[in-house]
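Please open the model in a viewer and keep the sequence panel visible. The tour proceeds by selection, with a short account of what is found at each stop.

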Amino acid sequence: MQIDSTDSQLLELYSHDETGGLEPVLPFGVAQPTTLAEVQAVVLEARRLSKVLTPRGAGTGKAGGCVPSENSIVVDFSKMNQILEISRENLTARLQPGVILADFKAAVEAQGLFYPPDPNSMIGCTVGGNVATNAAGP
């Protein structure tokens, strides 16, 4: 799994979220895994480099949750965006962290279920970001 630490435009893109008044911080690098094995490889590489990890969903948050430290590797989960299972019987779901909330809501509604979180950023925010920041809208 490649960690990009040289593309200045990429590092700038991952230096902030939508939080007003919070200074951007350029991370050491950015990884965009697509599989669990790639996430594991990023963790091992971060450990080898003595870097911390900053998980990131869509970057729509207003709490600074995905703003990195200078010594961090941002792990962008947006490419891990599959709904793995929705169980009507157990009222549970398994999904990757980069699933867009609006897509998840549509998928559960297609099965006659309801997922109540309703943030303004629903069409772009990820379920993983919602969970990580306890963001659910009003």
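Two strands are said to pair if DSSP finds at least two bridges between them. Helices (H or I, at least four residues) and strands (E, at least two) are DSSP runs, numbered from the N terminus. The model is predicted, with local features requiring pLDDT of at least 70 and side-chain atom pairs counted only at pLDDT 80 or more, whereas totals for chains, interfaces and linings use all residues. Residues are numbered from 1 along each chain as its sequence is written, and side-chain values use heavy atoms, with hydrogens and water left out.

**First stop: the sheet**

Select S1 together with strand S3, residues 72-76; three bridges join these two strands, which run parallel. Within this pair, Ala 31 stands opposite Val 75 of S3. Now add S2 to the selection: the three strands form an open, parallel sheet in the order S1-S3-S2. Strand S1 (29-31) and S2 are the edge strands, each pairing on one side only. From one strand to the next, the twist averages 30 degrees; axes here are lines fitted to C-alpha atoms, for helices over the stretch in contact, and angles run from 0 to 180 degrees between N-to-C directions. Strands of a sheet pair through backbone hydrogen bonds, either parallel or antiparallel.

**Second stop: two loop residues**

Most residues other than glycine have a negative phi. Select Ser 50, in the loop between helix H2 (36-49) and strand S2 (52-56). Its phi is positive, near 60 degrees, although the residue is not glycine. Ser 50 counts as exposed because its relative accessibility is 56%; exposed means over 50% relative accessible area, buried under 20%, and partly exposed in between (1.4 Å probe, protein chains only).

Move next to Leu 91, which lies in the loop between strand S4 (83-87) and strand S5 (92-95). Leu 91, likewise not a glycine, has a positive phi of about 55 degrees. With 63% relative accessibility, Leu 91 counts as exposed.

**Third stop: the cysteines**

How many disulfides does the structure hold? There are zero, a disulfide being a pair of cysteine sulfur atoms within 2.5 Å. Select Cys 66 and display its sulfur: the closest cysteine sulfur, in Cys 125, is 12 Å away and therefore too far for a bond. Cys 66 is buried, at 8% relative accessibility. Finish at Cys 125, which is in no disulfide and is also buried, with a relative accessible area of 2%.
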